[in-house]
Amino acid sequence: MADKDQPQQPTHRAYSVIKREGQDDYWLNLGLAFPHKDGKGFNIMLQAFPLDGKIVCREVTDDEEKNRPSRDERSDRPIRRVK
């Protein structure tokens, strides 16, 4: 259940960085982070858990959406965008 005081927009994305031999690392989007009102913490909403236990949080940027690939890099399936 979402907290009614939680901001509407996330400020960070949560990723699992998957190392691939001979290729760039694959950044798998796990979820989003919403800052607390007092600015001293986050609520992190995950849709999956990393296998290695490590989560990397990166700030959401304005140009993130236009640089995001429209297809999953590891398959030919379209990426499902949630609005």
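**Exercise 1. Classify Tyr-15 and describe its ring partner.**

Tyr-15 is buried, at a relative accessible area of 13%. Buried means under 20%, exposed over 50%, partly exposed in between (1.4 Å probe, protein chains only). The model is predicted: local features need pLDDT of at least 70, side-chain atom pairs count only at pLDDT 80 or more, and totals for chains, interfaces and linings use all residues. Numbering runs from 1 along each chain as its sequence is written, and side-chain values use heavy atoms, without hydrogens and water.

Next, the rings. Rings of Phe, Tyr and Trp (its six-membered ring) pair if their centres lie within 6.5 Å; planes under 30 degrees apart are stacked, over 60 edge-to-face, the rest tilted. The count is 1 aromatic pair. Tyr-15 and Trp-27 form it edge-to-face, at 5.5 Å centre to centre and 75° between the planes. Tyr-15 sits in strand S1 and Trp-27 in strand S2 (residues 26-35), 12 residues apart. Trp-27 is partly exposed because its relative accessible area is 40%.

**Exercise 2. Place Ser-16 and list its contacts.**

Ser-16 lies in strand S1 (residues 12-18). Strands are DSSP runs (E, at least two), numbered from the N terminus. Ser-16 has a relative accessible area of 6%, so Ser-16 is buried. Leaving out residues up to four places away in sequence, Ser-16 touches Tyr-26, Trp-27, Leu-28, Leu-30, Pro-50, Asp-52 and Lys-54. Contact means heavy atoms within 4.5 Å.

**Exercise 3. Find the strand and exposure class of Phe-42.**

Phe-42 belongs to strand S3 (residues 42-46). Its relative accessibility is 42%, so Phe-42 counts as partly exposed.

Conventions: Helices (H or I, at least four residues) and strands (E, at least two) are DSSP runs, numbered from the N terminus.
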